[in-house]
Amino acid sequence: MENLTKTPFIPIDVSNALRIDRPKHGGDVSIAVFRLLRLVVLEDLFGPAAAAQAYLAGKKLGARLGLHDIEQFVALCQQLKIGDVSIETHDDLFKVDVHECVTCAGMSPVGRPICSFEGGLVAGAIGSIYGLKVQAREITCIGGLGDRTCGFEVRVQR
Ligand SMILES: [Zn+2]
């Protein structure tokens with residue numbers, strides 16, 4: 001126990017976390033693991049504040065991905081199976097739709113949007129790509145509200 005308290009805390013970086021050596025299971029994991037952590041355990045720990053925590057987590061991650069353009073972000077979402085992402089740009093507003101959202105597609109609606117992690121991810125990615133301060137708001141949600149897509153309005157903060 002004494003040794004544990006003396007161990008310096010070294011944050012785990014993205015590239016290390018993505019190093020995978022699983023000859024038998026490979027890089028895929030059941031979506032159940034992600035959803036149970038993201039939806040059930042996080043809300044168990046933080047209650048209604050889980051949405052803000054998940055948004056911040058997504059935003060930090062989105063900003064750390066080292067993305068250079070929006071096409072790269074769309075491709076990454078496809079590659080990581082977060083969902084199929086389409087983005088429209090209108091002046092100070094980005095409209096982002098996620099089809100087959102990893103967090104919620106297929107759920108019975110719960111009466112509130114629940115994809116704050118994806119909202120944060122989108123905001124972090126767009127903010128870092130364009131060097132803007134932005135905020136995302138979830139307008140539609142497949143599993144939360146019964147919509148066709150999880151839709152986000154990402155506004156530039158002036
Ligand atoms: Zn969703």
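Glutamate 138 is buried, having 24 other C-beta atoms within 10 Å, where buried means that 20 or more other C-beta atoms lie within 10 Å of a residue's own, exposed means 12 or fewer, and partly exposed covers what lies in between, with C-beta atoms placed from the backbone. The model is a predicted one, in which local features need pLDDT of at least 70 and side-chain atom pairs count only at pLDDT 80 or more, while totals for chains, interfaces and linings use all residues. Residues are numbered from 1 along each chain as its sequence is written.

Glutamate 138 belongs to strand β3, residues 134–140; helices (H or I, at least four residues) and strands (E, at least two) are DSSP runs numbered from the N terminus. Once its neighbours within four places in sequence are left aside, glutamate 138 is in contact with Pro113, Cys115, Ser116, Gly119, Cys150 and Phe152, contact meaning that the C-beta atoms of two residues, placed from the backbone, lie within 7 Å. Glycine 124, by comparison, is 14 residues away from glutamate 138 in sequence and 14 Å away in space, C-alpha to C-alpha.

Strand β3 is part of an open sheet of four strands, in the order β1-β2-β4-β3 and with antiparallel pairing, two strands being paired if DSSP finds at least two bridges between them. The edge strands are β1 and β3, each of which pairs on one side only. Neighbouring strands of this sheet are turned against each other by 20 degrees on average, direction ignored; the axes here are lines fitted to C-alpha atoms, for helices over the stretch in contact, and angles run from 0 to 180 degrees between N-to-C directions.

At the β1 end of that order, strand β1 (residues 84–90) is joined to strand β2 (residues 93–99) by seven bridges, and the two run antiparallel. They form a hairpin with two residues between them, and aspartate 91 in the turn has a positive phi of about 45 degrees. Across this hairpin, histidine 90 has leucine 93 as its bridge partner, and threonine 89 stands opposite phenylalanine 94. Strand β2 is also joined by six bridges to strand β4 (residues 150–156), again antiparallel, with valine 98 bridged to cysteine 150 and phenylalanine 94 bridged to valine 154. The side chains of β2 alternate: Phe94, Val96 and Val98 point to one face and are buried, whereas Leu93, Lys95, Asp97 and His99 point to the other and are not buried.

What lies across the sheet? Helix α6 lies across β2, β3 and β4, and runs at about 145 degrees to β3. This helix has 15 residues and reaches 21 Å from its first C-alpha to its last, close to the 21 Å expected at 1.5 Å a residue, the expected span being 1.5 Å times one less than the number of residues. It is mostly covered, since twelve of its 15 residues are buried, and these pack against α3, α4, α5, β2, β3 and β4. One of the residues of α6, isoleucine 126, touches Phe94, Val134 and Val154, not counting residues up to four places away in sequence. After α6 comes glycine 131, whose phi is positive, near 65 degrees.

The largest nonpolar core has 29 residues, and those with the most contacts inside it are Val96, Cys104, Cys115, Val122, Ile126, Cys150 and Val154; such a core is a set of buried Ala, Val, Leu, Ile, Met, Phe, Trp, Tyr and Cys residues joined through C-beta atoms within 7 Å. At least two residues of this core are supplied by each of α4, α5 (70–79), β2, α6, β3 and β4, and the largest share, six residues, comes from α6. In soluble globular proteins, nonpolar side chains tend to be buried together.

Helix α4 (residues 50–64) is another contributor to this core. In α4, Ala50, Ala51, Ala54, Tyr55, Gly58, Lys59 and Gly62 are buried. Seen down the helix axis, these buried residues fall within an arc of 165 degrees, so they line one face of α4, the arc being that of the directions from the helix axis to the C-beta atoms. An α-helix has 3.6 residues a turn, so residues three or four places apart point the same way. On the other side of α4, Ala52 and Lys60 are exposed, while the cover over its buried residues includes α3 (31–46) and α6 (116–130). Glycine 66, which follows α4, has a positive phi near 70 degrees.
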